[in-house]
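Biologist: Got a minute to go through this one with me? I'd like to hear about pockets, strands and charged pairs.

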Amino acid sequence: MKVIATAIPDVKVIEPRVFGDDRGFFMESFTQRAFEEAVGPWCFVQDNHSRSRHGVLRGLHYQLAPHAQGKLVRVTRGRVFDVAVDLRRSSATFGRWVGMTLDDTEHRQLWIPPGFAHGFVVLSGEADFLYKTTAYYAPQAERCIRWDDPRIGIDWPDVGSEPTLSGKDRAGVALADADHFD
């Protein structure tokens, strides 16, 4: 496994070793020991799987402490543009974002620690998106920031029209009005 720092050092790109031949491929998608050596000792308590069609944008979601979630995310089918936004007021990168394409060809994963909002938009016809979380889903702690907040200024890829949003995501608040982390 190879770990690459992003423009926000706490967010990491994880490239698993993929062994491929004419039959297909094999990879260890997660190994606790290797993950701990790369980013530290985190315990995952929940796995989530979503399937979305082209143009669906999910996010920017996060949960407040004590239910804040770290997420290890990957795509097993299709292609998405994935984004993490730093919501830690004490951080030098507060309000900044990092984004990358995740797909079922390169098999890259993104580690997003607690204290970040997360979202993605589907670029392929359909995408299966999997993520491991370090805390259980807690609806009372869930928050959503507007995907198009000009203060954050995410450079989302063009999906041919306005992204498809859930009601929850349409009701997201501006970064300036959002609950943050210390």
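Modeller: Sure, we can go through those topics in turn, and keep in mind that this is a predicted model.

Biologist: Pockets, then. What volume does the largest pocket have?

Modeller: The largest pocket comes to about 410 Å³. There are 23 residues lining the largest pocket, and the closest to its centre are R58, H61, Y131, E142 and K168.

Biologist: Which elements give two or more residues to that lining?

Modeller: Those are β5, β6, β11 and α2, the last one spanning 167–170. The most comes from β6, which gives five residues to the lining of the largest pocket.

Biologist: And how does the lining of the largest pocket divide into nonpolar, polar and charged?

Modeller: You get seven nonpolar, eleven polar and five charged residues there.

Biologist: OK, what about the second largest pocket, how much space is in it?

Modeller: About 190 Å³ for the second largest pocket. Its lining has 13 residues, with M1, P16, R17, E28 and T31 nearest the centre. By class, the lining of the second largest pocket is eight nonpolar, three polar and two charged residues.

Biologist: Now the closed-off space. How many cavities of 30 Å³ or more does a search of the whole structure find?

Modeller: Just one turns up at 30 Å³ or more. The largest cavity has a volume of about 50 Å³.

Biologist: Which residues line the largest cavity?

Modeller: The lining is H61, Y62, Q63, A68, Q69, K71, I112, G115, F116, H118 and F181. Two elements give two or more residues to that lining, β6 (57–63) and β11 (116–122). The largest share is from β6, with three residues.

Biologist: What classes are in the lining of the largest cavity?

Modeller: Five nonpolar, five polar and one charged.

Biologist: Switching to strands. What order does the open sheet of six strands have?

Modeller: The open sheet runs β1-β2-β10-β7-β12-β5, with antiparallel pairing. At the edges sit β1 (2–5) and β5 (46–53), each of which pairs on one side only. From one strand to the next, the twist averages 25°.

Biologist: Take β7 and β10 in that sheet. How many bridges do they pair over?

Modeller: Four bridges, in the antiparallel sense, between β7 (residues 71–77) and β10 (residues 109–112). One residue to click on is L72, whose bridge partner in β10 is W111.

Biologist: Last topic, charges. How many salt bridges does a search of the whole structure find?

Modeller: Eleven salt bridges. One of them is D179 with R143, at 2.8 Å from N to O. D179 is in the segment after α2 and R143 is in strand β13 (residues 142–144), so this pair ties together parts 36 residues apart in sequence.

Biologist: And how exposed are those two, D179 and R143?

Modeller: D179 has a relative accessible area of 35%, so it counts as partly exposed. R143 is partly exposed too, at 27% relative accessibility.

Biologist: Got another pair for me?

Modeller: R146 forms a salt bridge with D148, where the closest N and O atoms are 2.7 Å apart. R146 is partly exposed at 31% relative accessibility, and D148 is partly exposed with a relative accessible area of 33%.

Biologist: Which residues are joined into one network by salt bridges that share partners?

Modeller: R51, R77, E126 and D128. There's also E106 with R108, the closest N and O atoms being 3.1 Å apart, and E106 is partly exposed at 46% relative accessibility.

Methods:
Residues numbered from 1 in each chain as written. Predicted model: local features only at pLDDT ≥ 70, side-chain atom pairs only at ≥ 80, totals over all residues. Heavy atoms only, no water. 1 Å grid on protein atoms, 1.4 Å probe; cavity = no way out; pocket = protein on both sides within 12 Å on 5 of 7 lines; lining within 4 Å. Points joined across faces, edges and corners; volume = space filled by probe spheres on them. Nonpolar A, V, L, I, M, F, W, Y, C, P; charged D, E, K, R; others polar. Pairing = 2+ DSSP bridges. Axes fitted to C-alpha atoms, helices over the stretch in contact; angles between N-to-C directions. Salt bridge = Lys/Arg side-chain N within 4 Å of Asp/Glu carboxyl O. Buried < 20%, exposed > 50% of the residue type's maximum accessible area, 1.4 Å probe, protein only.
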